[in-house]
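The following exercises practise the reading of a protein model. Please work through each task before turning to its solution.

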Amino acid sequence: MSGARRGMARRMLAMLLCFAAICAASLPAGAAGANQVRNGEMVELTNGALTYWSPRYVSGCDDNTIAQSTSNSLSIGGRRLARLSGHGNQYAVIRSNSASVVPFEAAMEQLILLPNGTYTLSAYVASLITEADIGQGAYAKAAVYANDGAEAVELQIDPTTAQQAPWVRIEIPGITVTNGKCRISFAIKSVASGTNAQAGRALAVDAVEIAAQGAAVVGGAITKPDGSAAPYSKVEAFKGGAPVASASTGSTDGAYSGLSVPVGAGYEFRATNSAFEPVILANVDVASEDPLTLDFQFAEASQDAGYEYGYAGGGYGAEGGAYYFDAAGGDDANDGRTPETAWRTVAKFNATEFQPGDTVLFSAGGVWTGAALIPRGNGEEGRPIVVGKYGDAGSLPAFHRNYIPGTPLESMSNNNTGATLQISGVSYWEFNDLEITNYGVYNADNAHSAQAGRAGVSIVSMTAQPDATMRGIRLNGLYIHDVNGANPKSGGGYNSASGVGISWSANGQSRIDGLVIENCLLKNIMRNGITGGGYDGGGRPWGHNSWDAQGPNAPLRHLNVAVRNNVLDTIAGDGILVGGTLLAVVERNLVTRACNDPRPYPSLSGNATSNLSAAVWPFDADGTVFQYNEVCYTRVPRGTEVADGEAFDSDYYCTNSLYQYNYTHDNEGGFFMVCGPEYSYTDGSVVRYNISENDGSIYGKRTIFEIGGGGGVNRTNIYNNTIYVGPGHSVFSVMRGEPWDGKPKGTVFANNIFFIDGDVAEFGWAGDPRDKGLASVASYDSNLYYGRLFDTAKDVPDDPHAVFGDPALVRPGGAGDGYGNAVAYKLSAGSAAIGAGASVDIAALGQRLAEDLYSPGNSSSRVNKAEYFHIVGPDFEWKDVNGGLDFFGNALPADSPIDIGAHQFSSESNGAGNSIAISVSETGVVTAEAKYAPGEGQPESVTLILALYDAGRKLVAISTAGAAAPPYGLSASLGRGAATYAEAFLWDSDSYVPAMPSERLELPPS
C-alpha cells in the first residue's frame, strides 16, 4: 500500500472512530448520553474567556476572573486543587485574579438550544468558599433556568473542608424544557479580602453535562364519540398530582405528539375538550424510552357542543372542604356541605368568608340572576379557593346580572352597571366553568351615563391590602357572553369601564401578581373582550421612571399576567388589550371579528367619533410577548377608513413588545401598527416570524404596516415575516408612516417576504414623501419583493440586498381559517428566499431610552418622557437572535445564512438548499442520499456517513461515501439487520467535523 493510501486510510479510520465516539451526542433528546453542553470540559480559550461560556461579572472582577486552569494542581488560599482524576483536559476556575484579594461576585453561563424534553444537569465542582463566608452572605451555586427563566432551579454547592480540595459530582434532575431553551450557570460570591494566600476563594468546574433524562415521546389520536377527529383538545400527563407535560391537537385534526414523559410508573394521562367530559387513563407505566402511543375517545358531551376549546371542567380538589349551591333546591339555612344540603343564593356566597383549600361548587344548569358574585376570604399559595360546578356535565352554572338570555327582550327591566363577578382585594382564587352575562337595558344612543361600568368579570387590586398586592387569580373555562356597554372609545387607553368581558385594574398604589386567564370563550361583547390597566388616578401620567414606586403617583406594574388559549368572537371594540403590566404573555388565542360594531359616532368628539379599535395590543405595558395567536376579520372603524382595525398594535408608553409566531388574515386595517406621539414613547418593538394573509384590504384605503403616531416611535424591528395579499384584494400601501406628531425613527424592515398579488398603489411612504430614503425614519435590508408591487416602478425601497424572485410558497392565499393552515406559507425547493436573509443585530433588540434624552415629568409636556427603563439583563432573553425558531418550530442555523420569511426551509432540508434523505427498501436496505453544493463558509469536500443503531442506541454498522468534485450527489447503503434507527451526516473531509446537513430516521418494524 502506498504512503498516500495508508495516510488516507488512517485519516478515514480516525474519522470513523471520532464519529463513533460522538454519535451519541447527536441522538434525539430521549437518547442516553446526549450531552447538550458545548465545551463541557473547558478545553478551549478565546481571548482569556472560555469558549461558549458567557462571563457575568458583578463586582471585584477583571478579565481573568473566569479562566481555564492549565495546571495539574492549583494552590488557592492555602488549599490545593488538583485536576479531576481521570480527566486529561483542563477545568475552569472562577476566582479573584489579583494578589490583593477583594470581595467579588461572578458567574459563567451558557444558553443552550435543545429539543423539548426532560433533562439532568451534572458536573464536577470544588468550592473554596467557607462556612464562615456563607454566614456573611457568600455562596457557590449551580443554577438552571429553563424556558427563558420561567423555571429556575438552584443548587447550593457545599464548601470543601479538606486541605486537598476534593471534587464533588453534583446533579440537578427533572429539568423540563418546553420552549427549546435552557440556560445553565455556575456562580460564586466571595466576601473574603486580604492576600491570596490568606483569603483566596474560588469555584472550580469540570465535565459539565446536560443530558436527556430517559423519556418516552407520547403521541396518538383524540376522537369524538362518533369517531371523528377532536380538534382543540389537550392531553396532559400527571405524576403524583403534579403536571409533567402537555400537548394539544390542532385546529382541524385530532392528532397530538411530542409529549415527552420521563421513564417511570404510575402516570395519569388526561384528555380534555370543553365540549366533552374528560377521559382519564390512570396508573400508566412508561417502561422504556420507546415511543408510546395513547389514543383517547370522548364518550359524553359537556357544556356547549359548539365550543370545542379549552377546559373540560370538573375534578376540583376539596382539601379544605366543599360547599354546594343549588339555585332550585338549595336553602341558605342548610349547612351547604353536601349536594343534598346545598345553599341557594348569591347573597349567601357573598356573606361567607372562605378559607384556603375550600372548594365552592354551583349546580350545573342552575341560574342565578340580579346579584353580583363578590368573593370574600383569601386562599394561600398552593391552597387556592376553587370555584366550579357539579352535576350535569352538559351545562354550566349561569349568572345573569341583568337580562336572562332567551326571555322576551321587551321584558328587560334591570340596568345594573357593575360586573357580574367582582374580584376585589382577595388573593388565591380560581374560577372554573361558569356562564356569565351582563346585558342591561339598551340605550340606543349609547350614552355613557346609562351604559358605562358594565362587565362580565372585573378584577381590582386595592391599596388597602397589607402589601398592596393581590395574588394568584385564575379564570379558567368561563363562557362570557352578551355584555353590553357604551361602544364609542372613551377617554384613556384602557377603556375598561364601557362594557367589557374581563377587565383588571388597580385602585391606587397596588398591583396584581399572578393573573391567568385561559380556556375561556367570550362572545358578543359590546366594547372590549379582555382588557387591563394600571392605576392612572391621582395625577399620575402613564409611563414610569422605574418598575417600583418612586413617589405617591408612580405606577406599580402587574406581574405574571398570562392570557392564553381563549376564543374571542364578535367583540364590538378591542379584543385583547394588555395594560399596566411587566412581562405579560398573550399566547394561543383566537381573536375573530373584533371591532364588530364599526359605526361612527359623529355627535361625540375625539377618538369616540370613529370608535377606534384594534384586535390585540398593549398600552402602558413593558416586555409583553404576543405569540402563537390567530387574529382575523377585524374591521376598520367607519368614518375614518385610514385608522386602526389592525390585528396587532404596539401603542403608547410601551417598551420591548414582542410579536412572534402569530397568524393573521383578513383584518381590514392591516397586520401591524405602532404608534406613540412625541410626548409619549413606544420603544423597542420587535415583530418577527409572523404570517399575514390578505390583511389591510378595504376599499384600497388601508395599509399592511402603519408606523404611525410620530415622534415617540423608536427602534421598531420588523423581520422574517411572510406577507401575502392575493388577487381581488386592494391595499393602499404595504407600509405607511404617520408624521402627525413628529416622525417615527429607526424602523427596520429586514428578511421579510412581500408577496403582493393584488392591487397596491405604492410600496410605502413615511408621511412626508421626502422621508422615503431616510434610514433614520425607515430602512430596508434583504427583503424579498414579488408580485405586482412595482408595476409603476415608482416606489422601490432603498434595499441594498433586495431579492426579486419567486418565494415558491406552498399554497399562497390558501390558508384561510385555522392556525394550522398557515403551512400554506412554507417555502418550497427552489425558493428565492432560501439562504438569502441578512444576519440580525441582537444588540438592536430590547431597547431602553437613553438617560440623556428624557427627564421625569408628566404627559402634559412633549419633552417630559420617562427618564430610563430598567430593562437590562436576563429579563429579555427573547433578544437572542430570532428566538431560535421559525414560525413552524424549526431551529434556525447558527453558522449559515437564514432564509427570508417566516419559514426556515434550510433547517427542514438541513442546509441552504442542500438535503439528505434516508429510505428503507422492502428488502431491508437502508439508503442515504445527499445533495450538497458548498456555499460561503462551507466545506468544499464532504463525506457522507450512514450509521445504524440497535434498540439500545448502540452503533451496529457504518458506511461512507465520497465524491470527486462539487456539486455533490452522494449515496450510501447498508443492510438494516437488527437496526431500529438510522442517522446520516455530511462531514468535512479535511477536518473531520460535522458539516450541515444531517438526517435521522426511526426505522419501521422489520
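A residue is called buried under 20% relative accessible area, exposed over 50% and partly exposed in between, with a 1.4 Å probe and protein chains only. The model is predicted, so local features need pLDDT of at least 70 and side-chain atom pairs count only at pLDDT 80 or more, whereas totals for chains, interfaces and linings use all residues. Residues are numbered from 1 along each chain as its sequence is written, and side-chain values use heavy atoms, with hydrogens and water left out.

**Exercise 1.** Determine whether Phe 705 is buried or exposed, and classify its ring pair with Phe 749.

*Solution.*
Step 1. The relative accessible area of Phe 705 is 0%, so this residue is buried. Phe 749, at 1%, counts as buried as well.
Step 2. Rings of Phe, Tyr and Trp (its six-membered ring) pair if their centres lie within 6.5 Å; planes under 30 degrees apart are stacked, those over 60 edge-to-face, and the rest tilted. By this rule there are 42 aromatic pairs.
Step 3. For Phe 705 and Phe 749, the ring centres are 5.4 Å apart and the planes stand at 80 degrees; the pair is therefore edge-to-face.
Step 4. Strands (E, at least two residues) are DSSP runs numbered from the N terminus. Phe 705 belongs to strand E58 (residues 703-707) and Phe 749 to strand E63 (residues 747-750), so the pair ties together parts 44 residues apart in sequence.
Step 5. Both rings belong to a cluster linked by ring pairs, which includes Phe 626, Tyr 659 and Phe 804.

**Exercise 2.** Describe the surroundings of Asn 438.

*Solution.*
Step 1. Asn 438 is placed in strand E33 (residues 435-438) and is buried, at 0% relative accessible area.
Step 2. Its side chain reaches the backbone oxygen of Gly 418 at 2.7 Å. The side chain of Asn 438 also reaches the backbone oxygen of Ala 455, at 2.7 Å.
Step 3. Contact means heavy atoms within 4.5 Å. Leaving aside residues up to four places away in sequence, Asn 438 touches, among others, Arg 401, His 481 and Asp 482.

**Exercise 3.** In what order do the five strands of the open, antiparallel sheet lie?

*Solution.*
Step 1. Two strands pair if DSSP finds at least two bridges between them.
Step 2. The order is E4-E7-E17-E10-E14. The edge strands, E4 (66-69) and E14 (168-177), each pair on one side only.
Step 3. Eight bridges join E10 (residues 117-127) to E17 (residues 202-212). Leu 121 has Ile 210 in E17 as its bridge partner.

How values were computed
Helices (H or I, at least four residues) and strands (E, at least two) are DSSP runs, numbered from the N terminus. A polar contact is a pair of N or O atoms within 3.5 Å; within protein, one must be able to donate a hydrogen and the other to accept it, and residues adjacent in sequence count only if both atoms are side-chain atoms.
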